[in-house]
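Please open the model in your viewer and keep the sequence panel beside it. The stops below give a selection to make at each point, followed by what is found there.

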Amino acid sequence: MLSDSDEELIEAARAVLKARFKPGRHAVGSAVRTRSGRIHVGLNVECYVTRISVCAEAVAIGRVSVEGEADEIETVVAVRQASADDPKARVVSPCGMCREMISDYAPGARVIVPEGSDSEVVPISSLLPNKYVRP
């Protein structure tokens with residue numbers, strides 16, 4: 001079951017996406033809560049050359065880093081909006097690269113992921129078993 005603060009985080013991701021949704025540019029929003037309670041948001045940055053597109057979670061983690069709280073990440077969520085008239089962005093699971101980034105920056109982070117028609121919170125370690133580590 002999600003806490004009120006988890007629901008607030010989802011709504012922050014939805015709000016930034018609703019405000020900035022643009023087909024072909026921004027379809028995913030993310031929100032990161034730090035231990036201080038601050039929420040940092042990000043949008044995906046999509047490009048025609050898809051290899052250089054940047055995920056919303058990476059943008060939000062970058063913002064957290066700029067604010068000096070990279071070591072304080074507590075919870076991460078991403079939401080996706082299908083179209084401009086989609087009434088409600090849905091929680092999505094982070095891609096593999098984002099799982100690596102979240103784990104690198106916050107190995108103890110909680111991640112909100114879809115679970116049936118609802119959402120649940122899981123530790124990042126459960127989304128990235130056998131994580132790559134440098135020798």
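Begin by selecting strand S1, residues 28-34, where 7 of the 7 residues are buried, so the strand is largely enclosed by the rest of the structure. Buried here means under 20% relative accessible area, exposed means over 50%, and partly exposed lies in between, with a 1.4 Å probe and protein chains only. Helices (H or I, at least four residues) and strands (E, at least two) are DSSP runs, numbered from the N terminus. This is a predicted model, in which local features need pLDDT of at least 70 and side-chain atom pairs count only at pLDDT 80 or more, while totals for chains, interfaces and linings use all residues. Residues are numbered from 1 along each chain as its sequence is written, and side-chain values use heavy atoms, with hydrogens and water left out.

Stay with S1 and show its side chains. In a regular strand the side chains alternate between the two faces of the sheet. Both faces of S1 are covered, with Val28, Ser30, Val32 and Thr34 buried on one side and Gly29, Ala31 and Arg33 buried on the other.

Next, add strand S3, residues 73-80, which pairs with S1 in the antiparallel sense over 7 bridges; two strands pair if DSSP finds at least two bridges between them. Within this pairing, select alanine 31 and look across to valine 77, its bridge partner in S3.

Now add strand S2, residues 39-43, which runs antiparallel to S1 and is joined to it by 5 bridges. Here the residue to pick is arginine 33, whose bridge partner in S2 is isoleucine 39. S1 and S2 form a hairpin with 4 residues between them, and in that turn glycine 37 has a positive phi of about 95°.

From the hairpin, move to glutamate 69, in the loop between H2 and S3. Is glutamate 69 buried or exposed? With a relative accessible area of 10%, glutamate 69 is buried. Not counting residues up to four places away in sequence, glutamate 69 touches Thr34, Ser36, Arg38, His40 and Val64, where contact means heavy atoms within 4.5 Å.

Then select helix H2, residues 56-66, and within this helix serine 65. Serine 65 is partly exposed, with a relative accessible area of 29%, and, leaving aside its neighbours within four places in sequence, it is in contact with Ala70 and Tyr105. To follow a distance across the model, draw a line from the C-alpha of serine 65 to that of valine 92, which is 27 residues away in sequence and 23 Å away in space.

For the last single residue, go to asparagine 130, in the segment after helix H4 (124-127). Asparagine 130 is exposed, with a relative accessible area of 80%, and has a positive phi of about 55° although it is not a glycine. Most residues other than glycine have a negative phi.

Finally, zoom out to the whole chain, which has 4 helices and 6 strands and follows the pattern α-β-β-α-β-β-α-β-β-α along the sequence. Its radius of gyration is 14 Å, close to the 14 Å that the globule rule gives for 135 residues, so the chain is as compact as a globular protein of that length; the radius is taken over C-alpha atoms, and the rule is 2.2 Å times the number of residues to the power 0.38. Of the 135 residues, 40% count as buried.
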